[in-house]
Amino acid sequence: MTSAAPPPPAPPAPGDRGPDGSGAGGPGDPWAAGGLVLGGVLMVVYGLFAVLQGIAAIAGDEVYTSFGQYSFEFDLTAWGWIHVIVGVLVVVAGLGLFTGADWARVASAIVVGLALIANFLWLPYQPFWSIIMIVTGLFVLWSVFNYRSSRPV
């Protein structure tokens, strides 16, 4: 009687994480870990720029001009205050990402979502900058959602 060797273990499916958290999106995934740090840096820089952009809009309505008619047209002073408030929230959430806290990841996702909406609505005033910030915000969302902490739950 001969004994057959057991079959080799199946390779992990794409996106599966091992018991130690390694795999795509885990602490062993350098793209997600580096992306989270880069996302925090981008959020702090974006937030500071948004505050400055808001101050410029509040200080004088001659700084920005609109490109044609737009459905979501607001007064520039109102847009200035929106950018200042969203900018401060983005800076705080971005600084929180450096701690690795779960609340910071949730807050970052919410605040970046608000920033994406604000930048979409800001398109008539700064179209190229808005597009750059929308793409940057999408990267930040990807990094926040794909990173898995190595700390036990």
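**Close-up views of a four-helix chain**

**View 1. The chain as a whole, in a predicted model.** Read along its sequence, the chain follows the pattern α-α-α-α, and it has four helices and zero strands. The structure shown is a predicted model, and every value given in these legends should be read with that in mind. Of the 153 residues of the chain, 38% count as buried. The accessible surface comes to about 9,200 Å², and 74% of this surface belongs to carbon and sulfur atoms. Among the contacts in the chain with a separation of 6 or more, 70% are accounted for by residues that stand 24 or more positions apart.

**View 2. A nonpolar patch on the surface, with helix α1 as its main contributor.** The patch is formed by V37, L38, V41, V45, F49, L52, I55, L95 and F98, which together have about 800 Å² of accessible area. Helix α1, which covers residues 30–59, gives the most to this patch, with seven residues. One of the patch residues is L52, which lies in helix α1. L52 counts as exposed because its relative accessible area is 55%, and the cut-off for being exposed is over 50%.

**View 3. The cavity and the residues that line it.** A search of the whole structure finds one cavity of 30 Å³ or more, and the volume of the largest cavity is about 100 Å³. Its lining is made up of L42, M43, Y46, V90, V112, A115, L116, N119, M133, T136, G137 and V140. Helices α1, α3 (102–121) and α4 (127–146) each supply at least two residues of this lining, and a reader who follows the listed residues along the chain can look for these helices in turn.

**View 4. V111, a buried residue of helix α3.** V111 is found in helix α3, and V111 counts as buried because its relative accessible area is 9%, whereas the cut-off for being buried is under 20%. When its neighbours within four places in sequence are left aside, V111 is in contact with V86, L89, V90 and A93. One of these contact partners, V90, is also among the residues that line the largest cavity. A further landmark for this view is L141, which is 30 residues from V111 along the chain, and the C-alpha atoms of V111 and L141 are separated by 10.0 Å.

Terms used:
Residues numbered from 1 in each chain as written. Predicted model: local features only at pLDDT ≥ 70, side-chain atom pairs only at ≥ 80, totals over all residues. Heavy atoms only, no water. Buried < 20%, exposed > 50% of the residue type's maximum accessible area, 1.4 Å probe, protein only. Contact = heavy atoms within 4.5 Å. Areas by Shrake-Rupley, 256 points an atom, 1.4 Å probe, with all protein chains shown as cover. Patch = residues over 30% accessible without salt bridge, like charges linked within 9 Å, V, L, I, M, F, W, Y side chains within 5 Å. Salt bridge = Lys/Arg side-chain N within 4 Å of Asp/Glu carboxyl O. 1 Å grid on protein atoms, 1.4 Å probe; cavity = no way out; pocket = protein on both sides within 12 Å on 5 of 7 lines; lining within 4 Å. Points joined across faces, edges and corners; volume = space filled by probe spheres on them.
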